[in-house]
Amino acid sequence: MISFRDVVGSTLVAGVAFFITFAPVAAEDVKQTSAQTSKRPAVEKKAHRLVLQVNTNEPGTMNLALNNATNVAQYYQERGEKVEIEIVTFGPGLNMLRDDTSPVKARIKAIAASTPGISFKACGNTQGNMSKAENKDISLIPEATVVKSGVVHVMELQERGWTYVRP
């Protein structure tokens, strides 16, 4: 007859033998996994991309867009991460980038000089329509780049994964 004490004793001996046999192997696996983890290449940080729309001739909106852009750029710069920001103007918002009407011209010049990740886009359609309506060429500030259609440009940036904000 097998006693309870014999069963427990045999089980205990088998458990200890198992632990002694396989514990070093498990420890090596853990060490190997840790070593493999430390040799993995660093995960590349995702580039952040923001498009800000300005379509009103209101200095408050223009300044808010500039505040948003500089705050976002500073945030990611402090984190060591890349960010691209485009401020796209169309309709009455084109006045933001007009050489003769921009209430924020000096501020844009300073931002463009200090923060290369921020760019300024002007709608070519709006520029053409304003030229016809005013019967004169519409000059833009040097920091502005003309895109054919501001709305289409915003759409295409969103389709490529850019984050859209309208201040």
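Helix 4, spanning residues 124–134, lies across strand 3 and strand 4. Its direction makes an angle of about 50 degrees with strand 3. The model described here is predicted. The two strands that helix 4 crosses belong to an open sheet of five strands, ordered 4-3-2-1-5 and paired in the parallel sense. Strand 4 and strand 5 are the edge strands, each pairing on one side only. Neighbouring strands of the sheet are turned against each other by 30 degrees on average, direction ignored. Within the sheet, strand 2 and strand 3 are joined in parallel over five bridges. Thr89 has its bridge partner in strand 3, namely Ala122.

The protein chain as a whole contains five helices and five strands. Read from the N terminus, these elements follow the order α-β-α-β-α-β-α-β-α-β. The chain has 167 residues, of which 32% are buried. Among contacts between residues at least 6 apart in sequence, 76% join residues at least 24 apart.

The largest nonpolar core comprises 26 residues, and Ile87 and Met96 have the most contacts inside it. Two or more residues each come from strand 1, helix 2 (59–78), strand 2, helix 3 (105–114) and strand 3. Helix 2 gives the most to this core, with six residues. When neighbours within four places in sequence are left aside, the contacts of Ile87 include Leu52, Val54, Ala65, Leu66 and Ala69. Met96, Ile118, Ser119, Phe120 and Lys121 are also in contact with Ile87. Another core, of seven residues, lies apart from the one that holds Ile87; among its members are Val51, Phe90, Cys123 and Leu157.

Leu157 is also one of the buried residues of helix 5 (residues 150–159), together with Gly150, His153 and Val154. These buried residues lie on the same side of helix 5, because they cover an arc of only 100 degrees around the axis. The buried residues of helix 5 pack against strand 1 (48–54), strand 2 (83–89) and strand 3 (118–123), as well as against strand 4 (144–147) and strand 5 (163–165). Helix 5 is followed by Gly161, which has a positive phi near 100 degrees.

Further details concern helix 2, in which Thr70 is found. Thr70 has a relative accessible area of 22% and is therefore partly exposed, since the buried class is limited to values under 20%. Neighbours within four places in sequence aside, Thr70 is in contact with Arg107, Ile111 and Ile118. Thr70 and Ser114 are 44 residues apart along the chain, and their C-alpha atoms are separated by 9.9 Å.

A search of the whole structure yields one aromatic pair. The pair is formed by Tyr75 and Tyr76 in an edge-to-face arrangement, with 4.9 Å centre to centre and 90 degrees between the planes. Tyr75 is partly exposed, at a relative accessible area of 41%, whereas Tyr76 is buried, at 18%.

Key. Residues are numbered from 1 along each chain as its sequence is written. This is a predicted model: local features need pLDDT of at least 70, side-chain atom pairs count only at pLDDT 80 or more; totals for chains, interfaces and linings use all residues. Side-chain values use heavy atoms; hydrogens and water are left out. Buried means under 20% relative accessible area, exposed over 50%, partly exposed in between (1.4 Å probe, protein chains only). Helices (H or I, at least four residues) and strands (E, at least two) are DSSP runs, numbered from the N terminus. The arc is that of the directions from the helix axis to the C-beta atoms. Contact means heavy atoms within 4.5 Å. A nonpolar core is a set of buried Ala, Val, Leu, Ile, Met, Phe, Trp, Tyr and Cys residues joined through side-chain atoms within 4.5 Å. Two strands pair if DSSP finds at least two bridges between them. Axes are lines fitted to C-alpha atoms, for helices over the stretch in contact, and angles run from 0 to 180 degrees between N-to-C directions. Rings of Phe, Tyr and Trp (its six-membered ring) pair if their centres lie within 6.5 Å; planes under 30 degrees apart count as stacked, over 60 as edge-to-face and the rest as tilted.
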